[in-house]
Amino acid sequence: GGYVDPALSVEKKVVDELLLICGVIASKDERTGKIVPVTDCLNWLQDLQRALRRDDDSYRNISLLLSSWKIVQQKLLPLVLACRYDTPLVLTIVKILVILTKPVSEQAKRAGRLVIDVSSKKVPEE
C-alpha cells in the first residue's frame with residue numbers, strides 16, 4: 001500500500017476489540033430472524049461507548065470504522081427494537097448514537113473520504 005497518514009489509522013488492538021464487541025453484542029435468531037442480545041449485552045455496549053469516547057475528535061477514525069461496518073443499521077437499531085423495554089440498554093445505545101452522530105470537523109469530513117488503515121502496526125510489542 002501507499003502512504004497512510006498515522007492520524008487515519010486505528011490501532012490493531014482497538015480494531016480487534018471493536019470487532020469482538022460488534023460481533024458479540026447480539027445474534028440473529030435463525031428461527032424468527034430477530035436480533036437477540038447476549039446475556040451481558042449492556043456491558044459490551046458500555047465497552048463500545050468507552051471506545052468511542054477515546055476517538056480522536058479531529059478525525060473520528062473509530063466512528064468512521066463503525067460506520068463502514070454498518071453497526072448502527074445491523075446491530076444497534078435492531079437491538080433497540082428488540083429490547084425496547086430494557087431502559088438501561090436502550091439509553092446506552094442512545095448515548096452511542098449521540099456520539100456517532102455529533103457534527104464532524106472539517107478534518108473528519110476529509111478523513112471520511114479517505115481509507116482508514118486497520119492494519120496499523122502501532123501496537124507496542126509485548
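Lys12 and Asp16 sit in one helix, H1, at a separation of 4 residues, about one turn of the helix; helices (H or I, at least four residues) and strands (E, at least two) are DSSP runs, numbered from the N terminus. The exercises below start from this pair. The model is a predicted one, in which local features need pLDDT of at least 70 and side-chain atom pairs count only at pLDDT 80 or more, while totals for chains, interfaces and linings use all residues. Residues are numbered from 1 along each chain as its sequence is written, and side-chain values use heavy atoms, with hydrogens and water left out.

**Exercise 1. Describe the salt bridge of Lys12 and the exposure of both partners.**

Step 1: a salt bridge is a side-chain nitrogen of Lys or Arg within 4 Å of a carboxyl oxygen of Asp or Glu, and the closest N and O atoms of Lys12 and Asp16 are 2.9 Å apart.

Step 2: Lys12, at 38% relative accessibility, is partly exposed, and Asp16 is also partly exposed, at 36%, where buried means under 20% relative accessible area, exposed over 50%, and partly exposed in between (1.4 Å probe, protein chains only).

**Exercise 2. Place the salt bridges of Glu17 with Arg54 and of Arg50 with Asp47 in the structure.**

Step 1: a search of the whole structure finds 4 salt bridges, among them the pair Glu17 and Arg54, with an N to O distance of 3.2 Å. Glu17 belongs to helix H1 and Arg54 to the loop between H2 and H3, so this pair ties together parts that are 37 residues apart in sequence.

Step 2: Glu17 has a relative accessible area of 28% and is partly exposed, whereas Arg54, with 51%, is exposed.

Step 3: Arg50 and Asp47 are both in helix H2, 3 residues apart, about one turn of the helix, and their closest N and O atoms are 2.5 Å apart. Arg50 is partly exposed at 43%, and Asp47 is partly exposed at 24%.

**Exercise 3. Characterise the packing of helix H1 against helix H2.**

Step 1: the axes of H1 (residues 12-24) and H2 (residues 41-53) come within 9 Å and cross at roughly 145 degrees; axes are lines fitted to C-alpha atoms, for helices over the stretch in contact, and angles run from 0 to 180 degrees between N-to-C directions.

Step 2: the contact (heavy atoms within 4.5 Å) involves Leu18, Leu20, Ile21 and Val24 from H1, together with Trp44, Asp47, Leu48 and Ala51 from H2.

Step 3: sorted by class, this contact of H1 with H2 has 7 nonpolar, no polar and 1 charged residues, with Ala, Val, Leu, Ile, Met, Phe, Trp, Tyr, Cys and Pro counted as nonpolar, Asp, Glu, Lys and Arg as charged, and the others, Gly among them, as polar.

**Exercise 4. Examine the positive phi of Arg60 and of Lys70.**

Step 1: most residues other than glycine have a negative phi. Arg60, although not a glycine, has a positive phi of about 55 degrees, and for Lys70, likewise not a glycine, phi is positive at about 55 degrees.

Step 2: Arg60 is in the loop between H2 and helix H3 (61-68) and counts as buried at 3% relative accessibility, while Lys70 is in the loop between H3 and helix H4 (71-82) and is partly exposed at 41%.

**Exercise 5. Find where confidence is lowest and where it is highest.**

Step 1: the protein chain has a mean pLDDT (the predictor's confidence in each residue, from 0 to 100) of 84, and 83% of its residues reach 70 or more.

Step 2: confidence is lowest in strand S4 (residues 117-120), with a mean of 64, and highest in helix H5 (residues 87-100), with 96. Where pLDDT is low, the predicted coordinates should not be read in detail.
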